[in-house]
Number of protein chains: 2
Amino acid sequence: MNIKIAIADDHQLFLKSLSLLISSFQGLTIVAEAVNGKELLEKIAHLPMPPDLVLLDVNMPVMDGPKATAALQKAYPGIKLVALSMKDNDATIISMLKAGCCAYLLKDIHPADLEKAIREINETGYYHNDASNVNYRRLILQSEQSETITEREKEFLSLACSDLTYKAIAQKMNVSERTVDGYREILFHKLNVQSRTGMVLEALRRQLVSL
Amino acid sequence: MNIKIAIADDHQLFLKSLSLLISSFQGLTIVAEAVNGKELLEKIAHLPMPPDLVLLDVNMPVMDGPKATAALQKAYPGIKLVALSMKDNDATIISMLKAGCCAYLLKDIHPADLEKAIREINETGYYHNDASNVNYRRLILQSEQSETITEREKEFLSLACSDLTYKAIAQKMNVSERTVDGYREILFHKLNVQSRTGMVLEALRRQLVSL
DNA sequence: GAGCATACCGGGAAAAACCCCGGTATAAGC
DNA sequence: GCTTATACCGGGGTTTTTCCCGGTATGCTC
């Protein structure tokens, strides 16, 4: 019985290449390819049978990794979800694991290890790369005590990562200057910084925004 | 006559996948794979014949894209060098083109386009993706007139990428506040920004500082 | 020694950022 | 009905940043 696999990655070249690579492994079949979460959900919906396992990139346009993970988890609880990312920073890993991924693989994994990981996840439901295993508990703990950032705050954060003044940001967000002042205050506290520059840098480090 | 291709990319999974994909194209052969520039140079040196074309990732450890490009350009002037990156920001593209690349491809290129691009570059020595073509001249112009940044300015820039006030930076650099004000002024002009936040972001984009 | 680049410095003023005080309205959950 | 959370707002203040004016000293090149 072949293991049915779906892949989502916004880089077409990587998507097609990886698809070819996985197809070359005995007993692994690619049943869907997508360049974002939305397309993935649509393609899976049109399949006669859902895949056994989904490889998901974290950073995608339209519907990113965590959102796609959550949607898939809800629609097809049986599918094993595997995050596949270049980034090994804590925040990214946490967001995917919290959303319901059962494993987190890095893109610099060796093809042979990927094959091994896919088979292991398909059978047991989880995979432990020796190195990452150790840190999982710490990550979960950290995520529980870490502050949450609301949508509106994220919006402010994106706008703050620019040459715009708070006044201009207030106009763009259609709120008073006092209100963005409030966002600033609360984010300074949540990110543990004391200047806009520090806030921008911390937001970049936590990948709440990108360059 | 097969086109001999070498690839360098620090993500093993991508490297092997892409290698497989390219090998599947008629008349294209992979003669070397490497996870960084240094390894690539070593592997090429051991080949009976150098490759016709090299696909180079921009961001790699040990020896990055621009450095590898320059080294290859010097050692094997006949090889066509092609940058392959996820980033489409000006600074990255400029650094690769200046180092001697004849084309810059993005990783979200479609496999069929990649094949077309490889064949075209191998024959003509260049490739013009319609979209990017338009901007090349602007980029070259921009790079030629781009300002140089002195050591002291770089030092200031690093310190400015923090929660420190200019006053604190002045103390750390052992100069008066007025002096750091001067650095700020000149860097605002050189980076074409009008706030400290903008300066920090631009410095990160140009990789003058890192997170 | 003239011209130029680099590094450095003083003072003043306007704008932006930062930091408090206070408040309302709405929706979700017990 | 009460708490909790989110989104929003007004007015006051200080500090920092930003943007001007001006200047000196050193070293390098032609």
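In this structure, a phosphate oxygen of DNA strand C sits 2.8 Å from an N or O atom in the side chain of Thr179(B), a polar contact in the sense of a pair of N or O atoms within 3.5 Å (within protein, one atom must be able to donate a hydrogen and the other to accept it, and residues adjacent in sequence count only if both atoms are side-chain atoms). The model is a predicted one, in which local features need pLDDT of at least 70 and side-chain atom pairs count only at pLDDT 80 or more, while totals for chains, interfaces and linings use all residues. Residues are numbered from 1 along each chain as its sequence is written, chains are lettered from A and ligands numbered from 1 in the order in which they are written, and side-chain values use heavy atoms, with hydrogens and water left out.

Other parts of the protein also meet strand C. A polar backbone atom of Arg196(A) lies 2.5 Å from a phosphate oxygen of DNA strand C, and the side chain of Asp181(A) places an N or O atom 2.9 Å from a base nitrogen of that strand. In total, 17 residues surround DNA strand C, the closest being Tyr166(A), Arg196(A), Ser176(B), Arg178(B) and Tyr183(B); a residue is near a strand if one of its heavy atoms lies within 4 Å of it. Of the strand C atoms within 4 Å of the protein, 60% belong to sugar or phosphate and the rest to bases. H9 of chain A and H9 of chain B each supply at least two residues of this surface, and the largest share, five residues, comes from H9(A). Helices here are DSSP runs (H or I, at least four residues), numbered from the N terminus. By class, the surface near DNA strand C has five nonpolar, five polar and seven charged residues, where Ala, Val, Leu, Ile, Met, Phe, Trp, Tyr, Cys and Pro count as nonpolar, Asp, Glu, Lys and Arg as charged, and the others, Gly among them, as polar.

Next comes strand D. DNA strand D is surrounded by 16 residues, with Ser176(A), Arg178(A), Tyr183(A), Tyr166(B) and Arg196(B) the closest. A polar backbone atom of Ser176(A) is 2.6 Å from a phosphate oxygen of DNA strand D, whereas Arg178(A) brings a polar side-chain atom to 2.6 Å from a base oxygen. The side chain of Thr179(A) has an N or O atom 3.0 Å from a phosphate oxygen of DNA strand D. For the surface near this strand, the elements giving two or more residues are helix H9 (177-191) of chain A and helix H9 (177-191) of chain B. H9(B) provides the largest share, five residues. Sugar or phosphate accounts for 61% of the strand D atoms within 4 Å of the protein, and bases for the rest.

Within chain A, helix H7 (residues 151-160) and helix H8 (residues 166-173) pack at an angle of about 135 degrees, with their axes 10 Å apart. Axes are lines fitted to C-alpha atoms, for helices over the stretch in contact, and angles run from 0 to 180 degrees between N-to-C directions. H7(A) and H8(A) are therefore oblique to each other, since angles under 35 degrees count as roughly parallel, over 145 as roughly antiparallel, 65 to 115 as roughly perpendicular and the rest as oblique. Residues of H7(A) in the contact (heavy atoms within 4.5 Å) include Phe156(A) and Leu159(A), and those of H8(A) include Tyr166(A) and Ile169(A). The residues of this contact divide into six nonpolar, no polar and three charged.
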